[in-house]
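Q: Please take a close look at one part of this model with me, starting from a single packing contact and following it wherever it leads. I'm a first-year student, so plain words are welcome.

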Amino acid sequence: MLRGMKRLNRYENRILKIVKLGGKLVRFKQFGFSTKTEAGFRFPIYVLEIGKENAIKQNVAGLVAGVHGLETIGIRVLLDFLDDLFARKTSTLYHEIKDGELGIVCIPILNPGGVAMKRRSNPNGVDLMRNSGVEAVKAPFFFGGHKISNVFPYYRGNILQAESRVLDRFYSEYFLQAKNTMIPVIDIHSGFGAVDHVWWPYAGTHDQCVDEPLFQKIANYLTSNLNHILYRFGPQSETYTTHGDLWDRLYNEFQKTKELPHSSPSRFLPLTLEIGTWSDIKIDPWKVFRKRGIFNPARELKKESIISHRKFLTDVLRLAKMKQEELL
(Lines give C-alpha, C1' and ligand atoms only; values in the text may rest on other atoms or scores of the structure.)
Protein backbone atom coordinates (compact mmCIF):
# COMPACT_ATOMS: atom_id res chain seq x y z
CA MET A 1 0.00 0.00 0.00
CA LEU A 2 2.96 2.32 0.62
CA ARG A 3 3.80 2.52 -3.10
CA GLY A 4 0.14 3.13 -3.88
CA MET A 5 0.02 5.98 -1.36
CA LYS A 6 3.11 7.54 -2.91
CA ARG A 7 1.47 7.33 -6.35
CA LEU A 8 -1.73 8.91 -5.02
CA ASN A 9 0.29 11.70 -3.38
CA ARG A 10 2.06 12.42 -6.66
CA TYR A 11 -1.29 12.77 -8.42
CA GLU A 12 -2.62 15.05 -5.69
CA ASN A 13 0.51 17.21 -5.96
CA ARG A 14 -0.10 17.50 -9.72
CA ILE A 15 -3.68 18.58 -9.03
CA LEU A 16 -2.40 21.32 -6.72
CA LYS A 17 0.09 22.39 -9.41
CA ILE A 18 -2.79 22.72 -11.90
CA VAL A 19 -4.75 24.81 -9.39
CA LYS A 20 -1.75 27.12 -9.07
CA LEU A 21 -1.23 27.33 -12.84
CA GLY A 22 -4.90 28.10 -13.43
CA GLY A 23 -5.00 30.96 -10.92
CA LYS A 24 -8.44 32.54 -10.63
CA LEU A 25 -9.83 30.26 -13.34
CA VAL A 26 -9.55 27.14 -11.15
CA ARG A 27 -11.34 26.40 -7.87
CA PHE A 28 -10.39 23.37 -5.78
CA LYS A 29 -13.07 21.69 -3.65
CA GLN A 30 -13.20 18.67 -1.40
CA PHE A 31 -16.40 16.99 -2.54
CA GLY A 32 -16.64 13.89 -0.37
CA PHE A 33 -14.81 10.84 0.92
CA SER A 34 -14.16 7.27 -0.12
CA THR A 35 -15.51 4.28 1.74
CA LYS A 36 -13.50 3.32 4.81
CA THR A 37 -10.47 1.08 4.72
CA GLU A 38 -10.24 -1.76 7.24
CA ALA A 39 -8.24 0.62 9.42
CA GLY A 40 -11.10 3.14 9.31
CA PHE A 41 -9.43 5.70 7.03
CA ARG A 42 -11.35 7.62 4.36
CA PHE A 43 -9.63 9.20 1.36
CA PRO A 44 -10.84 12.66 0.26
CA ILE A 45 -12.33 13.06 -3.22
CA TYR A 46 -11.73 16.38 -4.97
CA VAL A 47 -13.45 18.42 -7.67
CA LEU A 48 -11.94 21.11 -9.86
CA GLU A 49 -14.14 23.90 -11.21
CA ILE A 50 -12.49 25.46 -14.24
CA GLY A 51 -13.76 28.71 -15.70
CA LYS A 52 -16.08 31.47 -14.61
CA GLU A 53 -18.98 30.52 -12.36
CA ASN A 54 -21.58 31.72 -14.86
CA ALA A 55 -20.01 29.61 -17.62
CA ILE A 56 -20.26 26.52 -15.40
CA LYS A 57 -24.01 27.17 -15.12
CA GLN A 58 -24.54 27.97 -18.80
CA ASN A 59 -22.00 25.94 -20.83
CA VAL A 60 -20.53 23.18 -18.66
CA ALA A 61 -18.67 20.00 -19.60
CA GLY A 62 -17.33 17.27 -17.34
CA LEU A 63 -14.21 15.14 -16.94
CA VAL A 64 -13.90 12.10 -14.66
CA ALA A 65 -11.07 9.61 -14.12
CA GLY A 66 -9.82 7.12 -11.58
CA VAL A 67 -13.07 5.18 -11.19
CA HIS A 68 -11.00 1.99 -11.15
CA GLY A 69 -7.88 2.22 -9.01
CA LEU A 70 -5.65 0.19 -11.33
CA GLU A 71 -6.47 2.27 -14.43
CA THR A 72 -4.02 5.03 -13.61
CA ILE A 73 -3.40 5.96 -17.26
CA GLY A 74 -6.83 7.67 -17.25
CA ILE A 75 -5.82 9.86 -14.32
CA ARG A 76 -2.60 10.77 -16.09
CA VAL A 77 -4.43 11.59 -19.33
CA LEU A 78 -6.78 13.95 -17.46
CA LEU A 79 -3.99 15.64 -15.50
CA ASP A 80 -1.79 15.97 -18.60
CA PHE A 81 -4.67 17.58 -20.46
CA LEU A 82 -5.23 20.19 -17.74
CA ASP A 83 -1.52 20.74 -17.17
CA ASP A 84 -1.00 21.42 -20.88
CA LEU A 85 -4.07 23.67 -21.01
CA PHE A 86 -2.77 26.01 -18.31
CA ALA A 87 0.96 25.70 -18.94
CA ARG A 88 0.70 26.96 -22.53
CA LYS A 89 -2.39 29.20 -22.25
CA THR A 90 -2.45 29.56 -26.03
CA SER A 91 -5.19 27.18 -27.17
CA THR A 92 -8.63 28.15 -28.39
CA LEU A 93 -10.09 26.14 -25.51
CA TYR A 94 -8.11 28.13 -22.94
CA HIS A 95 -9.33 31.45 -24.34
CA GLU A 96 -12.93 30.19 -24.43
CA ILE A 97 -12.61 29.32 -20.75
CA LYS A 98 -10.93 32.63 -19.93
CA ASP A 99 -13.60 34.59 -21.82
CA GLY A 100 -16.45 32.84 -20.02
CA GLU A 101 -17.71 30.85 -23.01
CA LEU A 102 -17.10 27.43 -21.45
CA GLY A 103 -16.77 25.86 -18.00
CA ILE A 104 -15.30 22.47 -17.08
CA VAL A 105 -15.81 20.47 -13.88
CA CYS A 106 -13.51 17.55 -13.05
CA ILE A 107 -13.19 14.66 -10.66
CA PRO A 108 -9.56 13.68 -11.31
CA ILE A 109 -9.70 10.61 -9.02
CA LEU A 110 -13.11 9.21 -8.05
CA ASN A 111 -11.62 6.15 -6.36
CA PRO A 112 -8.52 7.34 -4.45
CA GLY A 113 -8.75 4.37 -2.10
CA GLY A 114 -8.41 1.99 -5.03
CA VAL A 115 -5.35 3.89 -6.28
CA ALA A 116 -3.71 3.85 -2.84
CA MET A 117 -4.51 0.18 -2.21
CA LYS A 118 -3.56 -0.84 -5.77
CA ARG A 119 -6.88 -2.47 -6.56
CA ARG A 120 -9.57 -2.06 -9.20
CA SER A 121 -12.32 -1.80 -6.59
CA ASN A 122 -12.90 0.71 -3.82
CA PRO A 123 -11.66 -0.04 -0.25
CA ASN A 124 -14.84 -2.06 0.34
CA GLY A 125 -14.05 -4.40 -2.54
CA VAL A 126 -16.83 -3.00 -4.76
CA ASP A 127 -16.36 -2.37 -8.48
CA LEU A 128 -17.90 1.08 -8.87
CA MET A 129 -18.90 0.50 -12.50
CA ARG A 130 -21.02 -2.46 -11.37
CA ASN A 131 -22.54 -0.62 -8.41
CA SER A 132 -25.43 1.56 -9.63
CA GLY A 133 -28.16 -1.03 -9.11
CA VAL A 134 -29.14 -1.03 -12.79
CA GLU A 135 -29.87 -4.60 -13.88
CA ALA A 136 -28.57 -5.54 -17.31
CA VAL A 137 -30.91 -7.40 -19.65
CA LYS A 138 -28.19 -9.99 -20.14
CA ALA A 139 -24.66 -9.59 -18.82
CA PRO A 140 -21.74 -12.04 -18.97
CA PHE A 141 -21.46 -14.18 -15.86
CA PHE A 142 -19.02 -12.84 -13.29
CA PHE A 143 -17.31 -10.22 -15.53
CA GLY A 144 -20.63 -8.41 -16.02
CA GLY A 145 -21.01 -7.96 -12.27
CA HIS A 146 -21.89 -10.36 -9.45
CA LYS A 147 -22.93 -10.44 -5.78
CA ILE A 148 -20.98 -13.52 -4.73
CA SER A 149 -18.35 -11.86 -2.54
CA ASN A 150 -16.13 -8.78 -2.42
CA VAL A 151 -13.16 -11.14 -2.41
CA PHE A 152 -13.61 -11.48 -6.18
CA PRO A 153 -13.30 -8.74 -8.84
CA TYR A 154 -16.41 -7.19 -10.44
CA TYR A 155 -18.35 -7.39 -7.16
CA ARG A 156 -21.46 -5.20 -7.38
CA GLY A 157 -22.11 -4.54 -3.70
CA ASN A 158 -25.54 -4.35 -2.10
CA ILE A 159 -25.77 -0.58 -1.58
CA LEU A 160 -24.62 2.50 -3.45
CA GLN A 161 -21.04 3.18 -2.38
CA ALA A 162 -19.71 6.48 -1.03
CA GLU A 163 -17.77 7.12 -4.26
CA SER A 164 -20.89 6.44 -6.34
CA ARG A 165 -22.82 8.92 -4.20
CA VAL A 166 -20.10 11.52 -4.82
CA LEU A 167 -20.66 11.03 -8.56
CA ASP A 168 -24.41 11.46 -7.95
CA ARG A 169 -23.75 14.75 -6.20
CA PHE A 170 -21.41 15.83 -9.01
CA TYR A 171 -24.17 15.15 -11.54
CA SER A 172 -26.87 16.88 -9.48
CA GLU A 173 -24.89 20.04 -8.73
CA TYR A 174 -23.32 20.64 -12.12
CA PHE A 175 -25.29 18.90 -14.88
CA LEU A 176 -28.89 18.55 -13.76
CA GLN A 177 -29.45 22.33 -13.80
CA ALA A 178 -27.08 23.19 -16.65
CA LYS A 179 -28.49 25.41 -19.42
CA ASN A 180 -26.35 24.36 -22.39
CA THR A 181 -28.00 22.41 -25.19
CA MET A 182 -25.43 19.59 -25.05
CA ILE A 183 -23.80 18.58 -21.74
CA PRO A 184 -20.84 16.31 -22.56
CA VAL A 185 -19.10 14.34 -19.83
CA ILE A 186 -16.06 12.12 -20.48
CA ASP A 187 -15.19 9.30 -18.09
CA ILE A 188 -11.70 7.95 -18.84
CA HIS A 189 -11.03 4.22 -18.42
CA SER A 190 -8.51 1.70 -19.76
CA GLY A 191 -7.72 -1.97 -20.00
CA PHE A 192 -10.03 -3.37 -22.67
CA GLY A 193 -9.04 -4.18 -26.22
CA ALA A 194 -6.32 -3.07 -28.59
CA VAL A 195 -8.08 0.09 -29.86
CA ASP A 196 -9.53 3.14 -28.13
CA HIS A 197 -13.30 3.00 -27.74
CA VAL A 198 -15.73 5.86 -27.13
CA TRP A 199 -18.89 4.46 -25.60
CA TRP A 200 -22.27 6.03 -24.94
CA PRO A 201 -25.31 4.53 -23.14
CA TYR A 202 -26.32 1.84 -22.75
CA ALA A 203 -24.03 -0.66 -21.04
CA GLY A 204 -26.86 -2.82 -19.68
CA THR A 205 -29.10 -3.29 -22.71
CA HIS A 206 -28.89 -3.48 -26.48
CA ASP A 207 -31.91 -1.16 -26.72
CA GLN A 208 -30.99 2.21 -28.20
CA CYS A 209 -30.96 5.19 -25.85
CA VAL A 210 -33.17 8.19 -26.62
CA ASP A 211 -30.19 10.20 -27.83
CA GLU A 212 -28.77 7.53 -30.15
CA PRO A 213 -29.20 9.76 -33.26
CA LEU A 214 -27.46 12.63 -31.48
CA PHE A 215 -24.59 10.42 -30.32
CA GLN A 216 -24.22 9.19 -33.89
CA LYS A 217 -24.08 12.79 -35.14
CA ILE A 218 -21.41 13.57 -32.56
CA ALA A 219 -19.39 10.55 -33.71
CA ASN A 220 -19.68 11.65 -37.34
CA TYR A 221 -18.72 15.21 -36.40
CA LEU A 222 -15.64 14.05 -34.49
CA THR A 223 -14.48 11.69 -37.24
CA SER A 224 -15.09 14.10 -40.13
CA ASN A 225 -12.04 15.30 -42.06
CA LEU A 226 -10.10 12.34 -40.62
CA ASN A 227 -10.23 13.74 -37.07
CA HIS A 228 -10.32 11.03 -34.40
CA ILE A 229 -10.88 8.22 -36.92
CA LEU A 230 -8.81 5.83 -34.79
CA TYR A 231 -11.44 5.88 -32.04
CA ARG A 232 -14.22 3.30 -32.28
CA PHE A 233 -17.58 4.90 -31.43
CA GLY A 234 -20.79 3.20 -30.30
CA PRO A 235 -22.91 2.17 -27.30
CA GLN A 236 -21.00 0.06 -24.79
CA SER A 237 -23.43 -2.83 -25.24
CA GLU A 238 -22.07 -3.35 -28.75
CA THR A 239 -18.83 -4.48 -27.09
CA TYR A 240 -20.11 -6.09 -23.89
CA THR A 241 -22.90 -5.60 -21.37
CA THR A 242 -22.63 -5.08 -17.62
CA HIS A 243 -24.84 -4.67 -14.61
CA GLY A 244 -24.65 -1.51 -12.53
CA ASP A 245 -23.15 1.06 -14.89
CA LEU A 246 -23.14 4.41 -13.08
CA TRP A 247 -23.65 6.44 -16.26
CA ASP A 248 -26.63 4.32 -17.32
CA ARG A 249 -28.25 5.20 -14.00
CA LEU A 250 -27.54 8.93 -14.25
CA TYR A 251 -28.54 9.05 -17.92
CA ASN A 252 -31.90 7.45 -17.06
CA GLU A 253 -32.36 9.86 -14.16
CA PHE A 254 -31.84 12.77 -16.53
CA GLN A 255 -34.43 11.37 -18.96
CA LYS A 256 -37.00 11.44 -16.16
CA THR A 257 -36.50 15.19 -15.81
CA LYS A 258 -37.41 15.60 -19.49
CA GLU A 259 -40.91 14.33 -18.66
CA LEU A 260 -41.54 17.22 -16.27
CA PRO A 261 -43.43 20.38 -17.37
CA HIS A 262 -41.21 23.20 -18.59
CA SER A 263 -38.12 20.98 -18.71
CA SER A 264 -35.08 22.40 -20.48
CA PRO A 265 -34.03 21.26 -23.97
CA SER A 266 -30.60 20.22 -22.65
CA ARG A 267 -29.22 16.77 -23.43
CA PHE A 268 -26.98 14.99 -20.90
CA LEU A 269 -24.34 13.12 -22.93
CA PRO A 270 -22.06 10.83 -20.89
CA LEU A 271 -19.22 9.28 -22.89
CA THR A 272 -16.68 6.70 -21.76
CA LEU A 273 -13.22 6.86 -23.27
CA GLU A 274 -11.88 3.31 -22.96
CA ILE A 275 -8.17 3.45 -23.76
CA GLY A 276 -7.11 0.19 -25.42
CA THR A 277 -4.00 -1.14 -23.69
CA TRP A 278 -3.62 -4.61 -25.19
CA SER A 279 -1.98 -3.62 -28.47
CA ASP A 280 1.49 -3.43 -26.92
CA ILE A 281 1.53 -6.89 -25.33
CA LYS A 282 4.01 -7.95 -28.04
CA ILE A 283 6.32 -5.16 -26.89
CA ASP A 284 5.96 -6.05 -23.22
CA PRO A 285 4.45 -9.54 -22.84
CA TRP A 286 5.23 -9.62 -19.12
CA LYS A 287 2.70 -6.83 -18.51
CA VAL A 288 -0.10 -9.41 -18.34
CA PHE A 289 1.44 -10.74 -15.13
CA ARG A 290 1.73 -7.35 -13.41
CA LYS A 291 -1.14 -6.06 -11.32
CA ARG A 292 -1.57 -2.81 -13.26
CA GLY A 293 0.07 -4.06 -16.44
CA ILE A 294 -2.92 -4.98 -18.57
CA PHE A 295 -4.73 -1.76 -17.61
CA ASN A 296 -1.96 0.59 -18.72
CA PRO A 297 0.29 1.06 -21.79
CA ALA A 298 3.80 -0.36 -21.85
CA ARG A 299 6.34 2.00 -20.36
CA GLU A 300 7.87 2.77 -23.77
CA LEU A 301 4.52 3.99 -25.12
CA LYS A 302 3.03 5.61 -22.01
CA LYS A 303 3.98 9.23 -22.73
CA GLU A 304 2.86 8.99 -26.34
CA SER A 305 -0.48 7.48 -25.27
CA ILE A 306 -1.09 10.17 -22.67
CA ILE A 307 -0.44 13.05 -25.06
CA SER A 308 -2.42 11.51 -27.91
CA HIS A 309 -5.82 12.20 -26.31
CA ARG A 310 -5.45 15.97 -25.81
CA LYS A 311 -7.17 16.93 -29.08
CA PHE A 312 -10.01 14.45 -28.57
CA LEU A 313 -10.77 15.75 -25.06
CA THR A 314 -10.66 19.32 -26.36
CA ASP A 315 -13.13 18.66 -29.16
CA VAL A 316 -15.60 16.76 -26.95
CA LEU A 317 -15.53 19.40 -24.19
CA ARG A 318 -16.13 22.16 -26.76
CA LEU A 319 -19.47 20.53 -27.63
CA ALA A 320 -20.76 22.25 -24.48
CA LYS A 321 -20.79 25.61 -26.27
CA MET A 322 -22.34 24.33 -29.49
CA LYS A 323 -25.90 23.81 -30.69
CA GLN A 324 -27.07 20.47 -32.04
CA GLU A 325 -27.67 21.96 -35.47
CA GLU A 326 -23.95 22.79 -35.72
CA LEU A 327 -23.14 19.07 -35.92
CA LEU A 328 -23.18 18.87 -39.70
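A: Let's begin with what an axis is: a line fitted to C-alpha atoms, for a helix over the stretch in contact, with angles running from 0 to 180 degrees between N-to-C directions. Also keep in mind that this is a predicted model. Two packed helices are described by the angle between their axes and the distance between the axes.

Our starting pair is helix H3, residues 72–88, and helix H10, residues 310–317. They pack at an angle of about 75°, and their axes are 10 Å apart. Angles from 65 to 115 degrees count as roughly perpendicular, so H3 is roughly perpendicular to H10.

Who actually meets whom? On the H3 side you'll find Val 77, Asp 80, Phe 81 and Asp 84, and on the H10 side Arg 310, Leu 313, Thr 314 and Leu 317. This contact is a mix: four of its residues are nonpolar, one is polar and three are charged.

Now stay with H10 for a moment. Six of its eight residues are buried, so H10 is largely enclosed by the rest of the structure. The buried ones are Phe 312, Leu 313, Thr 314, Asp 315, Val 316 and Leu 317. Leu 313, Thr 314 and Leu 317 should ring a bell, since they also take part in the meeting with H3.

Phe 312 is our way onward, because it's one of the residues that Val 198 touches, and Val 198 counts as buried at 1% relative accessibility. Val 198 is found in strand E6. Leaving out residues up to four places away in sequence, Val 198 also touches Tyr 231, Arg 232, Phe 233, Gly 234, Leu 271, Thr 272 and Leu 273. Take Phe 233 from that list: Val 198 and Phe 233 are 35 residues apart along the chain, yet their C-alpha atoms are separated by 4.8 Å.

Next, pick Thr 272 out of that same set of contacts. Thr 272 is found in strand E8, residues 267–275. Its relative accessibility is 9%, and the cut-off for buried is under 20%, so Thr 272 counts as buried. With residues up to four places away left out again, Thr 272 touches Asp 187, His 189, His 197, Val 198, Trp 199 and Trp 247.

Thr 272 also brings us to some empty space, since it's among the residues that line the largest cavity. Rolling a probe the size of a water molecule over the atoms shows where empty space is left. A search of the whole structure turns up two cavities of 30 Å³ or more, and the largest has a volume of about 80 Å³.

What surrounds that space? Besides Thr 272, the lining has Trp 199, Trp 200, Pro 201, Tyr 202, Ala 203, Gln 236, Asp 245, Trp 247, Asp 248, Pro 270 and Leu 271. Strand E6 (196–200), helix H8 (246–257) and E8 each supply at least two residues of this lining. E8 gives the most, with three residues. By type, eight of the lining residues are nonpolar, two are polar and two are charged.

Two of the lining residues have something else going on: a cis peptide bond joins Pro 201 and Tyr 202, with omega of about 15°. Tyr 202 is found in the loop between E6 and helix H7, residues 212–223.

One last stop, back at the helix where we started. Lys 89 is placed in the loop between H3 and helix H4, residues 92–98. Phi of Lys 89 is near 55°, which is a positive value in a residue other than glycine. Lys 89 counts as partly exposed, at 37% relative accessibility.

So here's the trail in short. The roughly perpendicular pair H3 and H10 leads to buried Phe 312 in H10. Phe 312 is touched by Val 198, Val 198 is touched by Thr 272, and Thr 272 helps to line the largest cavity.

Notes:
Residues numbered from 1 in each chain as written. Predicted model: local features only at pLDDT ≥ 70, side-chain atom pairs only at ≥ 80, totals over all residues. Heavy atoms only, no water. Helix = DSSP H or I, 4+ residues; strand = E, 2+ residues; numbered from the N terminus. Parallel < 35°, antiparallel > 145°, perpendicular 65-115°, else oblique. Contact = heavy atoms within 4.5 Å. Nonpolar A, V, L, I, M, F, W, Y, C, P; charged D, E, K, R; others polar. Buried < 20%, exposed > 50% of the residue type's maximum accessible area, 1.4 Å probe, protein only. 1 Å grid on protein atoms, 1.4 Å probe; cavity = no way out; pocket = protein on both sides within 12 Å on 5 of 7 lines; lining within 4 Å. Points joined across faces, edges and corners; volume = space filled by probe spheres on them.
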